[in-house]
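Visitor: Please show me the structure, and then I will ask about its open spaces and its charged pairs.

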Amino acid sequence: MDNQQKTPSTKENKLIRNIISQFLDIQEGGNWIDESFKKKIDNITADKVFVRPHPQLHSVGELVSHILEWRRASMDRLRGRQPSLTVNSPENWRTNDELISIGWAKLKSDFYLSTHQLIEIIEDKDDSFLENTYKDDYSFHYLVEGLVHHDLYHLGQIGLTIKFLNSEG
């Protein structure tokens, strides 16, 4: 007879920790693609950040602002609030003129802060929290995983925009 008894885990949060790790890797680096927001946007100069290198491409500032707005809307959902942001909201894609008035330093600071705010919301939760649903029965797991994908998608766009900006002239 086996005398060993398993002690039940009081908090299972392997998924949460993995998601947090992904957000930090995308922001700070250390991921397998060797790219991060810090690597991309810390090196762009203020004179280029609000420039569209092609009429059909967004500026780096527009992309960073867009990501930030969707992070804020997602944090509202994670807090149990209904966000007002929609794909048709003006703040979804702010103009470069609006963003210039905010300033690159503020926009970048708010963007980096949003990663840590998002982490603060979920870090003390267990994985069962991710099973909770919001609008139309989408789970929080679906939401935060979607944010990771959204961040990576736009990180790639930022990289392309910067390549175009650096090839001009």
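Visitor: How much space lies in the largest pocket?

Guide: This is a predicted model, where local features need pLDDT of at least 70 and side-chain atom pairs count only at pLDDT 80 or more, while totals for chains, interfaces and linings use all residues. Residues are numbered from 1 along each chain as its sequence is written, and side-chain values use heavy atoms, with hydrogens and water left out. A pocket is an open set of points on a 1 Å grid over the protein atoms alone, where a 1.4 Å probe fits, with protein on both sides within 12 Å along at least five of seven lines. A volume is the space filled by probe spheres set on the points, and for the largest pocket this is about 300 Å³.

Visitor: Which element gives the largest share of the lining of the largest pocket?

Guide: Lining residues have an atom within 4 Å of a point, and the largest pocket has 14 of them. Helices here are DSSP runs (H or I, at least four residues), numbered from the N terminus. Two elements, α3 (60-78) and α6, give two or more residues to the lining of the largest pocket. The largest share, seven residues, comes from α6.

Visitor: Is Lys 163 buried or exposed?

Guide: Lys 163 sits in helix α6, residues 140-167. Buried means under 20% relative accessible area, exposed over 50%, and partly exposed in between (1.4 Å probe, protein chains only). The relative accessible area of Lys 163 is 62%, so this residue is exposed.

Visitor: How many residues apart in sequence are the parts that Lys 108 and Asp 42 tie together?

Guide: A salt bridge is a side-chain nitrogen of Lys or Arg within 4 Å of a carboxyl oxygen of Asp or Glu, and Lys 108 forms one with Asp 42, with the closest N and O atoms 3.7 Å apart. Lys 108 lies in helix α5 (residues 104-122), and Asp 42 is in the loop between α2 (37-41) and α3, so the pair ties together parts whose separation in sequence is 66 residues.

Visitor: Which of the two, Arg 72 or Glu 69, is buried?

Guide: The side chains of Arg 72 and Glu 69 meet in a salt bridge of 3.3 Å, N to O. Both residues lie in helix α3, three residues apart, about one turn of the helix. Arg 72 has 34% relative accessibility, so it counts as partly exposed. At 9% relative accessibility, the buried residue is Glu 69.
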